[in-house]
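Hi everyone, thanks for coming. Today I'd like to walk you through one protein model, from the inside out. Have a look at it first, and then we'll start.

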Amino acid sequence: MNELILELEEITPKEFFGAQNANIKILKEYFPKLKIVARGNKIKAYGDADLLEEFDRRMNMLMEHFGKYNKLDENVIERVLTSQSSDDYTTSNKSGEAIIHGVNGKIIKAQTVNQRKLVESVNKNDMVFAIGPAGTGKTYTGVALAVRALKNKEVKRIILTRPAVEAGENLGFLPGDLKEKLDPYMQPLYDALRDMIPAEKLASFIENGTIQIAPLAFMRGRTLDNAFVILDEGQNTTHAQMKMFLTRMGKSAKFLLTGDPGQVDLPRRSISGLKEALLVLKNVEGIGMIYLDDKDVIRHKLVKKVIEAYKSIENRD
C-alpha cells in the first residue's frame, strides 16, 4: 500500500481540520478508497498511487486557498475538490472584503466564490445578470452592493422591482389596497434592506423616494438614471417586460437582474424573458453574466439537499 504524508506549514491544524475534524470527514467522503488519518500537523493517506497523486494535488489547492483566505468550510472544500483549476474558485482579494457594515455593525460580504465574482462583475459592468437557484445570495449580495453605491454617493437612489406574477396565489383575494397586497410579495427585498439600513433611516428613504420598491409594471415609461436598479425574480418576466425593463436604463445607472430559470411561474407556453435575454445578450460587451449554483447556497444545509433532490426528478422529465 502506498503512503503519502502532508505536513501543514504556517497553518493552524485545528482551523484547517475544522471542528471535530469536520473538514477531514468531507475529504474522506470524496476519497472513499483512501485511508486518511489526520494527527498533529500531518495528514497521512494510504491507497492507490493515482488516487494519492490526485489527493496530493487537491490538498495543495486547499492549503493554498486557506493560506490566502484563512478560512475553510464545506462550500470551499466542495468547490476546490470539483474544480478543474484555481480559476474556478479564487477571486481577487478585494472582492472578498466587506461590502458594507449593516445594522448593529453586521459585516455584509460575499461569502462564496461566485458571490465574489458577482461583486467583481458589478464593479466592472453597468449591467449584470446573476443566475442561480434559491438561497445562493443573488438578491442579498445585490442589495448590499446597491446600498454601498448609495452610501458612496455613486447613485442617488435604489430601485428594487419584481414582476408581480402570482406564484400559485391570487393577489386579488388578499385584503387591502395595491401596496398592502404587493408588500408581502416584495418581502425578501425589505428583509435584505432591514439588515443593512437602520429602521428609521430606511423608512425615511422609502418615504422620500430614495429607495423605491415597486412591481415591474410601474417601470413602464420611466428613464432610470443615477440609480442602482435591481430586477429580482427575472425568470418571471415576459419577452415584452424584459425588453421594457432593459430599455429603461439611463445615465449613471447600474442594472442587476437576478433569477432562477428553473423556477418559472409564468403561464404554460409563455417564454421567460430572462432565458431569452441570456441568449440574446450573451456576446454584448459591457454586460456581465454570473452563474451561481448549489455550492453557493448559504441557507440551512438541508436547502442544498432539497435542491439536489428536486434536480434529480426534474432531469427525468
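Buried residues make up 47% of the 317 residues in this protein. Please keep in mind that we are looking at a predicted model. The fold has twelve helices and eleven strands. If we take the contacts with a separation of 6 or more, 70% of them are between residues 24 or more positions apart.

Let's go inside. As a general point, in soluble globular proteins nonpolar side chains tend to be buried together. Here the largest nonpolar core has 35 residues, and the members that touch the most others are Leu193, Met196, Ile211 and Phe228. Which helix gives the most to this core? That is helix H6, residues 138-151, with seven residues.

Now find Phe228 on your screen. Leaving out residues up to four places away in sequence, Phe228 touches a whole list of others, including Val122, Leu145, Ala146, Ile158 and Leu256. The list also holds Arg157 and Lys254.

There is a second core too, separate from that one, with 27 residues; Phe17, Leu52, Ile77 and Leu81 are among them.

Next, the aromatic rings. How many aromatic pairs does a search of the whole structure find? Three. One of them is Phe16 with Phe17, an edge-to-face pair with 6.3 Å centre to centre and 70° between the planes. Why do we call Phe16 buried? Because its relative accessibility is 2%, and the cut-off for buried is under 20%. Phe17, at 6%, counts as buried as well.

Another pair is Phe245 with Phe255, and this one is tilted: the centres are 4.8 Å apart and the planes are at 35°. The pair links distant parts of the chain, since Phe245 sits in helix H10, residues 239-246, and Phe255 in strand S10, residues 254-259. Both of these rings belong to buried residues.

Now for a helix that I like, H4, residues 74-82. Why can we say that H4 is largely enclosed by the rest of the structure? Because seven of its nine residues are buried. Those are Asn75, Val76, Ile77, Glu78, Arg79, Val80 and Leu81, and you may remember Ile77 and Leu81 from the second core.

Finally, let's come back outside. The accessible surface of the protein comes to about 17,400 Å², and 49% of that belongs to carbon and sulfur atoms. On the surface, Val306, Tyr310 and Ile313 form a nonpolar patch with about 280 Å² of accessible area together. Tyr310 lies in helix H12, residues 301-314.

That's my tour, and I'm happy to take questions!

Technical notes. Residues numbered from 1 in each chain as written. Predicted model: local features only at pLDDT ≥ 70, side-chain atom pairs only at ≥ 80, totals over all residues. Heavy atoms only, no water. Core = buried A, V, L, I, M, F, W, Y, C linked by side-chain atoms within 4.5 Å. Buried < 20%, exposed > 50% of the residue type's maximum accessible area, 1.4 Å probe, protein only. Helix = DSSP H or I, 4+ residues; strand = E, 2+ residues; numbered from the N terminus. Contact = heavy atoms within 4.5 Å. Phe/Tyr/Trp six-rings, centres within 6.5 Å; stacked < 30°, edge-to-face > 60°. Patch = residues over 30% accessible without salt bridge, like charges linked within 9 Å, V, L, I, M, F, W, Y side chains within 5 Å. Areas by Shrake-Rupley, 256 points an atom, 1.4 Å probe, with all protein chains shown as cover. Salt bridge = Lys/Arg side-chain N within 4 Å of Asp/Glu carboxyl O.
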